[in-house]
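Here are my notebook entries from a sitting with this structure open on the screen. I kept them short, so feel free to follow along in your own viewer.

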2 protein chains.
Amino acid sequence: MKLSEGVEAAIHCAATLAGVEDGATMPGSALAAQFDLSPSYLLKHLNAMTAAGVLESVPGPAGGYRLARAPERISLLDIVLAVEGPQPAFRCGEIRQRGSVKLPASAYVKPCGINVAMLRAEKAWRAVLASEKLSDIVAGFMNDADPRSVAAACAFVERYQRPQKSSSLKRQERK
Amino acid sequence: MKLSEGVEAAIHCAATLAGVEDGATMPGSALAAQFDLSPSYLLKHLNAMTAAGVLESVPGPAGGYRLARAPERISLLDIVLAVEGPQPAFRCGEIRQRGSVKLPASAYVKPCGINVAMLRAEKAWRAVLASEKLSDIVAGFMNDADPRSVAAACAFVERYQRPQKSSSLKRQERK
DNA sequence: GGAGTTGTACTCGGATACAAGGTGTCCGAGTTGGCAGGG
DNA sequence: CCCTGCCAACTCGGACACCTTGTATCCGAGTACAACTCC
């Protein structure tokens, strides 16, 4: 059992995006540079989060990614499911039905007890992940992390975020 | 995130082995036939459980596998860790340290908050798995499953289990 | 000087190679049980 | 008839290919900004 390596990158990127101002965006290339990752590959995960409704993407110059909703309403479970897919970790193959002794299908109406137990464990895992909001991660970072690290992160966000340009707003008003 | 497919087979085999009498064994080929699996491949997982101390194996004719201890003292977590390995699902690659802005190592003495959160979730997962004993699985199967299925399973165990031969005991006494 | 138009540069998005771990299979080492031979 | 030695069959154990999934990369579509040209 191993989680995809991209989950770590996705959460870090989401936490970084939580620091940008409302409506502002940050290009994927900047996020990739922050963690020394392949830009093209990171796009894959950012795209997955966009498809899942966790992020929003705006194309064109001065475009990039931003959170689709407030950090308080984004949980780690949302990010993990977006990257890994919604399927549970344990997939019951119903091997109890296959084998030397064949029984009619009516003998297997009750669900497999092993599957139930494994799904119960995964449910607990998801519950903890759902309770961990992105805002908690950011708050914990601000409080506990080294001040130098916090300052560097804030400087990075300030450096690379692309605020919603006023001109585009003007154009919308003009229309 | 996906669990190995062998986990399901391993748990089913362990549950079957819980039905054999004390000291008796069941060959891996019989377990493979019960679930229509490749015998050679199933051996891999049974071997892993043996290495982890969950099962015991006896070689030679009339040999096979048996539980290393009572079903009440074997949890699903033991089996999962034996097959999947003890490493946690989320491995923090410390990507926060890599990137464009380099800080001295003294800035990263505190653990990564994301890693802490993910490990906390996995801890809950493991706690549920540790509380699910193999005896509970067997008891649930006996109570809830279809009577035909229970009868078939009992018949299978009775059919293929190899009791500790009296001759070997005699030989031990003789020595 | 101002508005319209065109070109360019930057962004995301999907399609395409490479690699690793899980899956599946094969062959070898070890041990016990049965059988034959001898006492 | 009983004991002893040998043979053979069955077991687990580790080493070897195959394939799906995740990793990494490249190229193309789309859009906003900026400069240029025309009025």
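**Entry 1: a ring pair in one helix**

I started with A:Phe156 and A:Tyr160, which both sit in helix α7 (residues 147-160) of chain A, four residues apart, or about one turn of the helix. Before going further I noted that this is a predicted model. I then looked up how many aromatic pairs there are over all chains, and the count came to two. For A:Phe156 and A:Tyr160, I found the ring centres 4.8 Å apart and the planes at 45°, so I wrote this pair down as tilted. The reasoning needs the cut-offs: planes under 30 degrees apart count as stacked and those over 60 as edge-to-face, so 45° falls into the tilted class.

**Entry 2: a loop residue in chain A**

Next I picked A:Ala18, which I located in the loop between α1 (6-17) and α2 (28-35) of chain A. What does A:Ala18 contact, leaving aside its neighbours within four places in sequence? I found A:Leu67, A:Pro71, A:Leu134 and A:Val138. I also checked A:Ala18 against A:Arg69: they are 51 residues apart along the chain, and their C-alpha atoms are separated by 9.6 Å.

**Entry 3: where the two chains meet**

I turned to the interface and counted 53 residues of chain B in contact with 53 residues of chain A. Together the two chains bury about 4,800 Å², with 66% of that on carbon and sulfur atoms. Which residues of chain B lose the most area to chain A? They are B:Met1, B:Glu8 and B:Ile95, which together make up 16% of what that side buries.

I then went through the polar side of the interface. There are two salt bridges between chain B and chain A. One that I looked up joins the side chains of A:Arg120 and B:Glu132, at 2.4 Å from N to O. Across the interface I also have 15 residue pairs in polar contact.

Which elements of chain B supply the side that touches chain A? I listed α1 (6-17), α2 (28-35), α4 (76-84), α5 (113-131), α6 (134-144) and α7 (147-160), each giving at least two residues. Of these, α5(B) gives the most, with eleven residues. Sorted by class, this side of chain B has 30 nonpolar, eight polar and 15 charged residues.

**Entry 4: DNA strand C**

Moving on to the DNA, I found 20 residues around strand C. A:Asn47, A:Ser57, B:Ser4, B:Glu5 and B:Ser38 come nearest. Is it backbone or bases that the protein meets here? Of the strand C atoms within 4 Å of the protein, 70% belong to sugar or phosphate and the rest to bases.

I looked up three distances for this strand:

- A polar side-chain atom of A:Tyr65 is 3.1 Å from a phosphate oxygen of strand C.
- B:Glu5 uses a backbone N or O atom, which lies 2.8 Å from a phosphate oxygen of strand C.
- B:Ser40 has a polar side-chain atom 3.5 Å from a base nitrogen of strand C.

The surface near strand C draws at least two residues each from β1 (55-58) and β2 (64-67) of chain A and from α3 (39-51) of chain B. The most come from α3(B), with three residues. By class, I counted seven nonpolar, nine polar and four charged residues on this surface.

**Entry 5: DNA strand D**

I repeated the search for strand D and found 21 residues around it. A:Ser4, A:Glu5, A:Ser38, B:Asn47 and B:Ser57 come nearest. Of the strand D atoms within 4 Å of the protein, 69% belong to sugar or phosphate, with the rest in bases.

Three distances from chain B went into the notebook:

- A backbone N or O atom of B:Gly28 is 2.9 Å from a phosphate oxygen of strand D.
- An N or O atom in the side chain of B:Ser57 lies 2.8 Å from a phosphate oxygen of strand D.
- A backbone N or O atom of B:Gly60 is 3.1 Å from a sugar or linking oxygen of strand D.

Which elements supply the surface near strand D? I noted α3 (39-51) of chain A together with β1 (55-58) and β2 (64-67) of chain B, each with at least two residues. The largest share, three residues, comes from α3(A). This surface divides into seven nonpolar, ten polar and four charged residues.

Definitions and conventions: Residues are numbered from 1 along each chain as its sequence is written. Chains are lettered from A and ligands numbered from 1 in the order in which they are written. This is a predicted model: local features need pLDDT of at least 70, side-chain atom pairs count only at pLDDT 80 or more; totals for chains, interfaces and linings use all residues. Side-chain values use heavy atoms; hydrogens and water are left out. Contact means heavy atoms within 4.5 Å. Buried area is the accessible area (1.4 Å probe) that two parts lose on being put together, summed over both. A salt bridge is a side-chain nitrogen of Lys or Arg within 4 Å of a carboxyl oxygen of Asp or Glu. A polar contact is a pair of N or O atoms within 3.5 Å; within protein, one must be able to donate a hydrogen and the other to accept it, and residues adjacent in sequence count only if both atoms are side-chain atoms. Ala, Val, Leu, Ile, Met, Phe, Trp, Tyr, Cys and Pro count as nonpolar, Asp, Glu, Lys and Arg as charged, and the others, Gly among them, as polar. A residue is near a molecule or strand if one of its heavy atoms lies within 4 Å of it. Rings of Phe, Tyr and Trp (its six-membered ring) pair if their centres lie within 6.5 Å; planes under 30 degrees apart count as stacked, over 60 as edge-to-face and the rest as tilted.
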